[in-house]
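Let's take a walk through a protein chain together. Have a look at the sequence and the 3D view first, and then we'll go through it piece by piece.

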Amino acid sequence: MVYPADGPKDLVDSVRMWINNRLGLKDTIIADGAKVARLALVQQLDSNKVDLAGMTKDFPDYQTQYVTLWEISPVFETGKVLTYAGSIYTYTGGAHGSTVSFGSTFRTDN
């Protein structure tokens, strides 16, 4: 994840809010990117624990791999706009995983 550390306040706050919302940290602006990563990781692990507990309860002998990958980074920038894109890949066993992609473009002047 490429988390904005500095720049125009309105732009930085907007990008941070967008990233935080994508990671499930709703309506929060957190300045520390490492803290955001830790909070998102704890939240994802808690969710995974619930999923895995359900799987092992229903299928006690079932062995699986469980993968969740998040990627968020800037992909385009000019003096007027900044575009971030990201994806979430999840594999919980079975034939294949699932990918969700998302993006947003921000005006740099406001």
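## A pair to start with

Why are Lys 9 and Asp 13 separated by about one helical turn? Because they sit 4 residues apart in helix H1. An α-helix has 3.6 residues a turn, so residues three or four places apart point the same way. Keep in mind as you look that this is a predicted model.

The side chains of Lys 9 and Asp 13 form a salt bridge, with 2.5 Å from N to O. Side chains of opposite charge can pair when their charged atoms come close. The two partners have quite distinct surroundings: Lys 9 is exposed, at 60% relative accessible area, while Asp 13 counts as buried because its value is 17%, and the cut-off for buried is under 20%.

How many salt bridges are there in total? The count comes to 2. Besides the pair in H1, Arg 107 and Asp 109 join their side chains at 3.0 Å, N to O. Asp 109 is exposed, with 56% relative accessible area.

## The overall plan

Now zoom out. The chain has 2 helices and 3 strands, and if you read along the sequence they come in the order α-α-β-β-β.

What about the outline? Along its principal axes, the C-alpha trace spans about 55 × 25 × 20 Å. A compact globule of 110 residues would have a radius of gyration near 13 Å, but this chain has 17 Å. Buried residues make up 30% of the 110 residues. The chain exposes about 7,300 Å², and carbon and sulfur atoms supply 55% of that area. Of the contacts with a separation of 6 or more, 40% are between residues 24 or more positions apart.

## Helix H1 and its cover

Helix H1 covers residues 9–22. With 14 residues at 1.5 Å a residue, H1 should span 20 Å, and its end C-alpha atoms are indeed 20 Å apart, so the two values agree. After H1 comes Gly 24, which has a positive phi, near 90 degrees.

Which residues of H1 are buried? They are Leu 11, Val 12, Asp 13, Val 15, Arg 16, Trp 18, Ile 19, Asn 20 and Asn 21. What covers them includes H2, E1, E2 and E3.

## The nonpolar core

In soluble globular proteins, nonpolar side chains tend to be buried together. Here, the largest nonpolar core has 16 residues, and those with the most contacts inside it are Val 15, Trp 18, Ile 19, Ile 72 and Tyr 84. The elements that give two or more residues to this core are H1, H2, E2 and E3. H1 gives the most, with 4 residues.

Try finding Trp 18 in the view. Leaving aside residues up to four places away in sequence, Trp 18 touches Ile 72, Tyr 84, Ala 85, Phe 102, Gly 103, Ser 104 and Phe 106.

## Helix H2

Helix H2 runs over residues 33–58. Its 26 residues should span 38 Å at 1.5 Å a residue, and the end C-alpha atoms of H2 are 38 Å apart, so this helix agrees with the expected value too. The buried residues of H2 are Gly 33, Val 36, Ala 40, Gln 44 and Asn 48, and they pack against H1 and E1.

Are the two nonpolar residues Leu 41 and Val 42 hidden away? Check each one: Leu 41, in H2, is partly exposed at 49% relative accessible area. Val 42, also in H2, is partly exposed at 48%. From C-alpha to C-alpha, Val 42 lies 13 Å from Thr 68, with their positions 26 residues apart in sequence.

## A serine among the strands

Is Ser 87 buried or exposed? This residue of strand E2 counts as buried because its relative accessibility is 18%. Not counting residues up to four places away in sequence, Ser 87 touches Leu 69, Trp 70, Glu 71, Thr 99, Val 100, Ser 101 and Phe 102. Leu 41 is 46 residues away from Ser 87 in sequence, and their C-alpha atoms are 15 Å apart in space.

Definitions and conventions
Residues numbered from 1 in each chain as written. Predicted model: local features only at pLDDT ≥ 70, side-chain atom pairs only at ≥ 80, totals over all residues. Heavy atoms only, no water. Core = buried A, V, L, I, M, F, W, Y, C linked by side-chain atoms within 4.5 Å. Buried < 20%, exposed > 50% of the residue type's maximum accessible area, 1.4 Å probe, protein only. Contact = heavy atoms within 4.5 Å. Salt bridge = Lys/Arg side-chain N within 4 Å of Asp/Glu carboxyl O. Expected span 1.5 Å × (residues − 1). Rg over C-alpha atoms; globule rule 2.2 N^0.38 Å. Areas by Shrake-Rupley, 256 points an atom, 1.4 Å probe, with all protein chains shown as cover.
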